[in-house]
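Me: I have a model open in front of me and would like to know what stands behind the labels people attach to it. Could you take me through the reasoning?

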There are 2 protein chains.
Amino acid sequence: MDLGPDPLALDRQVCFALSVASRSVIAIYRPLLEPHGLTHPQYLVLLALWESSPRSVGELGRTLRHEPATLSPMLKRLEALGYVTRRRARADERQLEVELTEAGRALRAEAEKIPYEVVETLGMSLAELESLHKALSRVLAATDR
Amino acid sequence: MDLGPDPLALDRQVCFALSVASRSVIAIYRPLLEPHGLTHPQYLVLLALWESSPRSVGELGRTLRHEPATLSPMLKRLEALGYVTRRRARADERQLEVELTEAGRALRAEAEKIPYEVVETLGMSLAELESLHKALSRVLAATDR
DNA sequence: CACTAACATTTAGTACGCTAACTATTAGGG
DNA sequence: CCCTAATAGTTAGCGTACTAAATGTTAGTG
């Protein structure tokens, strides 16, 4: 393997490009989510719940690739915001049932606009975004092993 | 613009793929940096300083795309680790001169191995990584406007 | 049926990363 | 020159994100 004359050059590091791109794209969401009192990680939790609710903390963690210790306080904030309820599962008291409230379900209609606004702000073609998504998925497949 | 039947599907969100990929790749660095007492953001600061030292906080911020409020405490930790010195610039007392110590310069030789180990662990081809880097650079160009 | 191992979540502790407010220094205009 | 505006960093406050340790619940085994 040959990484060229300067393997440590900042502008060649995929890790640097990844973290800056991630922060920059999240920054696009900030003003769009702020009216709803949401942060981007909280928004991703709602995306997961809009696909299936209720779900346990562990299930959400596997879907969102988060440690339970990250989700636990986040879900409390979502509960405080009124978008979610937290209740121990009757069948297994170890598990927590995280469920959308009426407000949480209602928010989905509002949120449908967001992806369009983000793509618009980014100003990249859908083809380009799809190919980026595919490349990122290969990274995920690689890190999952 | 048409984002398909479910614009909010989690597995289609570029922002989700970006943040998970970023966290996953950083996780690869963790065991490699831990022996040196470094976190990944701190490692990126060193990459910047290895290219040019001393530099001011503002300069580092523009290079690394960080708010000064993020860098300020980070640089103190790097100083506590002994990799960096912090000193007000004589010419302009507002600016801080952040400079590598001998230990900071010496670390570079050790760090040269890291990119190879990361690419190895990732198990992706260099061509694939370069095309990913290019795609991420287009995102940065888009968000910079 | 008691005991222990496995499991699900929470808490504690550290380090980002952001916005907003604050301090100190320098530069510029009347 | 003085006064104000601009500039450079720091601090405070909040919300992730991680590891490790703690808590409480269930399941499995002798």
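Reply: Happy to; what follows goes label by label, and please keep in mind that this is a predicted model.

Me: What makes chain A and chain B related as by a two-fold rotation axis?

Reply: Look at the superposition first: a rotation of 180 degrees, with 0.0 Å of shift along its axis, brings chain B onto chain A at an RMSD of 0.0 Å. The two copies are therefore related as by a two-fold rotation axis. The contact fits in with this, since 100% of the contact residues of chain B recur in chain A, and the same surface serves both copies.

Me: How many residues does each chain bring to that contact?

Reply: Chain A gives 49 residues and chain B gives 49 residues, where a contact calls for C-beta atoms within 7 Å. On the side of chain B that touches chain A, the elements giving two or more residues are α1 (14–33), α2, α5 (102–111), α6 (113–122) and α7 (126–144) of chain B. The largest share there is that of α1(B), with 14 residues. By class, this side of chain B holds 33 nonpolar, 10 polar and six charged residues.

Me: How do you know which residues are near DNA strand C?

Reply: The test is a C-beta atom within 6 Å of the strand. For DNA strand C, 23 residues surround it, and the closest are A:S56, A:G58, A:A69, A:S72 and B:A69. Both chains take part: α1 (14–33), α3 (57–64) and α4 (68–81) of chain A each give two or more residues, as do α2 (40–51) and α4 (68–81) of chain B. The largest share, four residues, belongs to α4(B). By class, the surface near DNA strand C has seven nonpolar, nine polar and seven charged residues.

Me: And which residues are closest to DNA strand D?

Reply: They are A:A69, A:E93, B:S56, B:G58 and B:A69, out of 24 residues that surround the strand. Here the elements with two or more residues are α2 (40–51) and α4 of chain A, together with α1, α3 (57–64) and α4 of chain B. The largest share, five residues, comes from α4(A). Eight nonpolar, nine polar and seven charged residues make up the surface near DNA strand D.

Me: Why is the bond between A:S53 and A:P54 called cis?

Reply: Its omega is about 0 degrees, and the bond is a cis peptide bond. A:P54 sits in the loop between α2 and α3 of chain A. In chain B, a cis peptide bond with omega of about 0 degrees joins B:S53 and B:P54, and B:P54 lies in the loop between α2 and α3 of chain B. As background, most peptide bonds are trans.

Me: What makes the phi of A:R65 worth a comment?

Reply: A:R65 has a positive phi of about 55 degrees although it is not a glycine. In general, most residues other than glycine have a negative phi. A:R65 lies in the loop between α3 and α4 of chain A. For B:R65, phi is also positive, about 55 degrees, and its place is the loop between α3 and α4 of chain B.

Me: Why is A:R65 called partly exposed, rather than buried or exposed?

Reply: It has 18 other C-beta atoms within 10 Å. Buried would need 20 or more, and exposed 12 or fewer. A count of 18 falls in between, so A:R65 is partly exposed. B:R65 has 18 such atoms within 10 Å, so B:R65 is partly exposed too.

Methods. Residues numbered from 1 in each chain as written. Chains lettered and ligands numbered in written order. Predicted model: local features only at pLDDT ≥ 70, side-chain atom pairs only at ≥ 80, totals over all residues. Nonpolar A, V, L, I, M, F, W, Y, C, P; charged D, E, K, R; others polar. Contact = placed C-beta atoms within 7 Å. Least-squares fit on C-alpha atoms with pLDDT ≥ 70 in both.
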